[in-house]
Amino acid sequence: GGGINAEYGDYWDQIFLFKETKQSLRQTEEKSRRKEKEKIELEGHLVKIRSELSKSETKLKEISEREATLQGTLSERDTLLEEQKIKIMEQSKEIEKFTKLMAMFHNLSNTGNAK
């Protein structure tokens, strides 16, 4: 039996090596396919995240614009209030003057009747 082993031993080694290499290659391809699949899933996930982020940014922009509009409205309101205050102060000064004038006139007419 030793003679055959000696003759074919190299051959069997080659076959065994070939099988090993083939199996290793298959495993590598499988791993590679799995990685590709994971990569595709991750990219899909990334697309979703980017889309969500974009929506959030749009919402944030809308909120900022609304806030700016509100700020504008508030500052307009403040200006109007300030104008109203000034008008009221002016009016109350007028009323004061008018009241004094009426009092003077009243005193004058009373003095006139006493004579």
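Q: How much area does the protein chain expose, and what share of it do carbon and sulfur atoms supply?
A: The protein chain exposes about 11,500 Å², and 60% of this comes from carbon and sulfur atoms. Accessible areas are computed by the Shrake-Rupley method with a 1.4 Å probe, and for residues only the protein chains shown count as cover. The model is predicted: local features need pLDDT of at least 70, side-chain atom pairs count only at pLDDT 80 or more, and totals for chains, interfaces and linings use all residues. Residues are numbered from 1 along each chain as its sequence is written, and side-chain values use heavy atoms, with hydrogens and water left out.

Q: What makes the protein chain more spread out than a compact globule?
A: The protein chain has 1 helix and 0 strands, where helices (H or I, at least four residues) and strands (E, at least two) are DSSP runs numbered from the N terminus. Its radius of gyration is 49 Å, well over the 13 Å that the globule rule gives for 115 residues, so the chain is more spread out than a compact globule. The radius is taken over C-alpha atoms, and the rule is 2.2 Å times the number of residues to the power 0.38. The C-alpha trace spans about 165 × 15 × 10 Å along its principal axes.

Q: What percentage of the 115 residues is buried?
A: Buried residues make up 0% of them. Buried means under 20% relative accessible area, exposed over 50%, and partly exposed in between (1.4 Å probe, protein chains only).

Q: Why is R77 called partly exposed?
A: R77 has 47% relative accessibility, which lies between the two cut-offs, so it counts as partly exposed. D78, at 41%, is partly exposed too.

Q: What makes the contact of R77 and D78 a salt bridge?
A: A salt bridge is a side-chain nitrogen of Lys or Arg within 4 Å of a carboxyl oxygen of Asp or Glu. In R77 and D78 the N to O distance is 3.5 Å, so the pair meets the rule. By this rule the count comes to 4 salt bridges.

Q: How far apart are the closest N and O atoms of K85 and E82?
A: They are 3.9 Å apart, and the pair forms a salt bridge. K85 and E82 are 3 residues apart in helix α1, so about one helical turn separates them.

Q: Why is K97 called exposed and E94 partly exposed?
A: K97 has a relative accessible area of 52%, so it is exposed, whereas E94 has 48%, so it is partly exposed. Their side chains meet in a salt bridge (3.6 Å, N to O).
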